[in-house]
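Here is a friendly walk through one protein model, written for someone meeting it for the first time. Have the picture open as you read.

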Amino acid sequence: MKKLFISIFSLAVLFTACQSNNSEKTTDNSAEPDTNIVPASEQYCYKYIKDKDTATLTMMNSGPITTGELKYNLYEKDKNNGIFEGELRGDTLIAEYTFNSEGKESVRQVAFLKKGDQLIEGFGDVEEKNGKMMFKDKSKLTFGNSIVFNKVDCF
């Protein structure tokens, strides 16, 4: 799973690097800033700890696409970990989370609301679509009665 995560990250960085403009250099020696530089992916890390429950989330933004790794270790529940890919629109991230739990791979939609240095997980009614658990109506998601991830330093 980590190899897949690293591969996705590497491809995002490579794609970003290849997007820089390779225009011809002029003989003018004026010091103009290069406005064609595309910023590299930014990485953010979050953690949730409450009693015996923990969860971690690492995400990278590369243009409109947000990818990352998400792990849940909730007491007396099955652990699961996997990767997600989605889009951050305003302060809300909606993504597809591909994860392994009990030796089986599954896909479900996840939602997070960004408030300052926190990501608040959102929940709502879901339905199966093409083998994936997807939100029925994203406008009816609820945030706040759930897992709240706090920003931490990435290692």
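Let's start at a turn: in the hairpin of β2 and β3, two residues sit between the strands, and G63 takes a positive phi near 70 degrees. Keep in mind throughout that this is a predicted model.

**The hairpins around β2**

What does that turn connect? Strand β2 and strand β3 (residues 65-73) pair in the antiparallel sense, with nine bridges between them. One of the links is easy to find by eye: S62 has I65 in β3 as its bridge partner.

Now look at the other neighbour of β2. Strand β1 (residues 42-50) runs antiparallel to β2, and nine bridges join the two. Here E42 is partnered with N61 in β2. The hairpin of β1 and β2 also has two residues between the strands, and in this one D51 is the residue with a positive phi, near 55 degrees.

So much for pairing; how many of the residues of β2 are buried? Seven of the ten residues in strand β2 (residues 53-62) are, which makes the strand mostly covered. A bit of background helps when you look at any of these strands: side chains in a regular strand alternate between the two faces of the sheet.

**Salt bridges**

The model has five salt bridges. Here are three of them, with the closest N to O distance for each.

| Basic residue | Acidic residue | N to O distance |
|---|---|---|
| K71 | E69 | 3.9 Å |
| K132 | E96 | 3.0 Å |
| R108 | E121 | 4.0 Å |

Take the K71 and E69 pair to begin with. K71 is partly exposed, at 30% relative accessibility. E69 has a relative accessibility of 11%, so it counts as buried, the cut-off being under 20%.

Next comes the salt bridge of E96 with K132, whose closest N and O atoms are 3.0 Å apart. E96 belongs to strand β5 (residues 92-101) and K132 to strand β9 (residues 132-135), so this pair ties together parts that are 36 residues apart in sequence. E96 is partly exposed at 29% relative accessibility, and K132 is partly exposed at 29% too.

In the third pair, the side chains of R108 and E121 meet with 4.0 Å from N to O. R108 is in strand β6 (residues 104-115) and E121 is in strand β7 (residues 118-123), so the pair ties together parts that are 13 residues apart in sequence. R108 is partly exposed, with 23% relative accessible area.

R108 has something else going on as well. Its charged end sits over the ring of F99, 5.9 Å from the ring's centre.

**A closer look at E121**

Is E121 buried or exposed? With just 2% relative accessibility, E121 counts as buried. So what surrounds this residue of strand β7? Setting aside neighbours within four places in sequence, E121 is in contact with Y72, R108, A111, F112, T142, F143, G144, S146, I147 and F149. You can also try a distance on screen: E121 and L141 are 20 residues apart in sequence, and their C-alpha atoms are 9.6 Å apart.

Some names in that contact list, including Y72, F112 and F149, come back in the next part.

**Aromatic pairs**

How many aromatic pairs turn up in the whole structure? The search finds four. In one of them, the ring centres of Y72 and Y97 are 6.1 Å apart and the planes are at 70 degrees, so the pair is edge-to-face. This pair links distant parts of the chain, with Y72 in strand β3 and Y97 in strand β5, 25 residues apart. Y72 and Y97 are both buried.

Another pair is made by F112 and F149, which are edge-to-face with 5.8 Å from centre to centre and 75 degrees between the planes. It too links distant parts of the chain: F112 lies in strand β6 and F149 in strand β10 (residues 142-152), 37 residues apart. F112 and F149 are buried. Add Y48 to F112 and F149, and you have one aromatic cluster.

If you want one spot to zoom in on, try E121: this buried residue forms a salt bridge with R108 and is in contact with both F112 and F149.

Methods: Residues numbered from 1 in each chain as written. Predicted model: local features only at pLDDT ≥ 70, side-chain atom pairs only at ≥ 80, totals over all residues. Heavy atoms only, no water. Buried < 20%, exposed > 50% of the residue type's maximum accessible area, 1.4 Å probe, protein only. Helix = DSSP H or I, 4+ residues; strand = E, 2+ residues; numbered from the N terminus. Pairing = 2+ DSSP bridges. Contact = heavy atoms within 4.5 Å. Phe/Tyr/Trp six-rings, centres within 6.5 Å; stacked < 30°, edge-to-face > 60°. Lys NZ or Arg CZ within 6 Å of the ring centre and 35° of its normal.
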